[in-house]
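Here is a short tour to read alongside the model. Keep the viewer open and follow along, starting where the chains meet and moving on to a sheet.

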2 protein chains.
Amino acid sequence: MKPAATLKKISESLGISISTVSRALKNHPDISEATKKKVWDLSNLLDYEPNANAINLRTNHSKVLGLIVPVISGYFYDSLIASLEEETRLHGYSLLILQSGDDPMVELNNLKLCKQNRVAGVFVSLSTNTVEISPFKKLSDNDIPVIFLDKVPTDVDCNKICVADVAATTLAAEALVEAKKKNILGLFGNSKMSITQERKAAFHQFFAINAPKIKLQIADAINPMEAYQRTIDIWKQAKKPDAIFCMSDEILTGVMKAVQQLKLQLPTDLGIIAISNGFIPQLYYPEITYTETSGYKLGKLAYTRMVSCLAGSSFIQNLKVDAVLVRGGSL
Amino acid sequence: MKPAATLKKISESLGISISTVSRALKNHPDISEATKKKVWDLSNLLDYEPNANAINLRTNHSKVLGLIVPVISGYFYDSLIASLEEETRLHGYSLLILQSGDDPMVELNNLKLCKQNRVAGVFVSLSTNTVEISPFKKLSDNDIPVIFLDKVPTDVDCNKICVADVAATTLAAEALVEAKKKNILGLFGNSKMSITQERKAAFHQFFAINAPKIKLQIADAINPMEAYQRTIDIWKQAKKPDAIFCMSDEILTGVMKAVQQLKLQLPTDLGIIAISNGFIPQLYYPEITYTETSGYKLGKLAYTRMVSCLAGSSFIQNLKVDAVLVRGGSL
DNA sequence: TGTTTTATCGCAAACCTTTGCGACAATGTT
DNA sequence: AACATTGTCGCAAAGGTTTGCGATAAAACA
């Protein structure tokens, strides 16, 4: 029905100029108290809200940040997004969130949307198959900082923030040694993903150096269902593992389903440790021991990095959120 | 470094007018093929992307929708948000997502942000304690549709889209009767929330009418921990329930933790049914039987409703996503 | 040749806001 | 009385885009 109030409307109703209204609303010392009050009252009455589009156009600097992720819902991204949104909003920014569906083409299109909306900066967690990151670099040339999160390019020449894969894996491995496990099953995710490769390598390396006598068994599972099936299959073997290391929450859920079906008691029949965001482990009894790779913390860290980028810090940084061992009763 | 390309820059480089460039880029028939090609080539070279702020200002009609939710991460909202984002993006819109943290003041501020950004419409899932919904109604007066999702006001005079609380509850209750359960524990959430009240009322009503002889036991739990504790406590009683109805995923997780601790076998020792988004039930073995209240479906439905509102449909609608029973092995 | 059509393009206003600068009157200073 | 200061306010340009309308020249017609 009624279009939104504007400075012009207020100025006309009050018989004063637009610039006076504008200054009055931002408490400019040039404007008399009497005028300010008149303007204030009327703008309240009309529910005036400044048009962000006009401001952005005029000032050439928007208060919106872009975020591109493969998916919103899931084991990790929801908490990452939640903390990022909270942080940005608390600092006067808003977050434009876009899903790529793990599709590089959609991802590129989302990047376009960010450009069109003239976002001040963009966070991006790459899709699995993204190879071409030059479009992202072009943004940096236009003075729009780009910060890669979690799923980052191998290219060294960009801002990256990741979870500490090696530290998290090592921490878990140490706990396994400390628990005196002798026959460990390591379950890993999609082996094409760099995160899988890094965690698997760290896993191997730790035991090779620190506990070469421990028997290792490695399996890949592309989703929870496969993790479930692997566990079931392996339990048909004569010699069963005395502990399972789960690379991720997805793996953990599959394994735990098998554990329930096999009626295994934790930690007596079997020890379990995982790398996790923290939500899944506390669903079970006993709660699962895990090393935390927190999406929440990653979001916080990413935002502070964005702030310094926006402030002009042009040097590249490769940050990691620390990993911490959270002891449940499963090991 | 380099500011973004504009129509003006292209026009100056080519020695033609801004309007010609504008028309060329949108394939206007007035422009010759030769000119179009020149413009096209240069705009590609310069990575030109139209300035959405300028367009919104000029056309007075933005391609951004607002979404205000209590939280992003959780049992339900992540999937709702995921489907809503997907739907909006596929139709050329973007989604500005704002968390209220279940705080009415923040919620109001988020609404302001939506106004300032001149969103085309807003979806909102109210915080628990929101009483004043007139600010939302004012938006509708300004021709920007407001659609309430899930957590909706009691006021009849607005667009609402909810899950079918009564149908979901009834469906679950029917399944309990069909499974010949005689002593049922109903576990419900925060009793201040309308969703709790509706589900509880439907629960009571169904049994009063259809199976008055079944023994009911009702308990409230404000979070998973309480649900866990209630279950543990009740299992110290002499006469134990033969089935538990869980009003929500939060309740279900608490109950299942107790079930694991008590080493109860499903469905022999105990039957379990829940109302759920679908993710949690398939974490367990056997999988939990549940009536689905899908955030995903709710998002889809909400978007189609938004479309018709944007197209001018001003009549009020109170839609519900259908509930469907998904049989696991827990009952 | 004179007139009308067609193809191609530019002018200018509008959307809303910010901001440097100048205008004007009232007050204060010598 | 002449001048400088201070307090209030308005003008106008700029930011990037869209679009109705008018302009120009070439092509088609009579």
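## Salt bridges across the interface

A salt bridge here is a side-chain nitrogen of Lys or Arg within 4 Å of a carboxyl oxygen of Asp or Glu. By that rule, 4 salt bridges cross the interface of chain B and chain A in this predicted model. One of them to look up joins Glu287(B) to Lys257(A), with 2.3 Å between the closest N and O atoms.

Polar contacts also link the two chains, with 26 residue pairs across the interface.

## What the chain B side is made of

Several elements of chain B each supply at least two residues to the side that touches chain A, among them α4 (52-59), β2 (94-99) and α11 (249-261). The biggest contributor is α5(B), with 7 residues. By residue type, this side of chain B has 24 nonpolar, 17 polar and 16 charged residues.

Chain A and chain B bring 57 residues each to the contact. Together they bury about 5300 Å², and 52% of that is on carbon and sulfur atoms.

## A mixed sheet in chain A

Now turn to chain A, where 6 strands make an open, mixed sheet in the order β7-β6-β8-β9-β10-β12. Why do β7 (215-220) and β12 (324-326) of chain A each have one side without a neighbour in the sheet? Both stand at the edges with a single partner strand, so that side is left unpaired in the sheet. From one strand to the next, the twist averages 20 degrees.

β6(A), residues 183-188, pairs with β7(A) in the parallel sense over 6 bridges. Within this pair, Ile184(A) stands opposite Leu216(A). Helix α8(A), residues 165-178, packs on the sheet, touching strands including β6 and β9 of chain A, and its direction makes about 165 degrees with that of β9(A).

Definitions and conventions: Residues are numbered from 1 along each chain as its sequence is written. Chains are lettered from A and ligands numbered from 1 in the order in which they are written. This is a predicted model: local features need pLDDT of at least 70, side-chain atom pairs count only at pLDDT 80 or more; totals for chains, interfaces and linings use all residues. Side-chain values use heavy atoms; hydrogens and water are left out. Contact means heavy atoms within 4.5 Å. Buried area is the accessible area (1.4 Å probe) that two parts lose on being put together, summed over both. A polar contact is a pair of N or O atoms within 3.5 Å; within protein, one must be able to donate a hydrogen and the other to accept it, and residues adjacent in sequence count only if both atoms are side-chain atoms. Helices (H or I, at least four residues) and strands (E, at least two) are DSSP runs, numbered from the N terminus. Ala, Val, Leu, Ile, Met, Phe, Trp, Tyr, Cys and Pro count as nonpolar, Asp, Glu, Lys and Arg as charged, and the others, Gly among them, as polar. Two strands pair if DSSP finds at least two bridges between them. Axes are lines fitted to C-alpha atoms, for helices over the stretch in contact, and angles run from 0 to 180 degrees between N-to-C directions.
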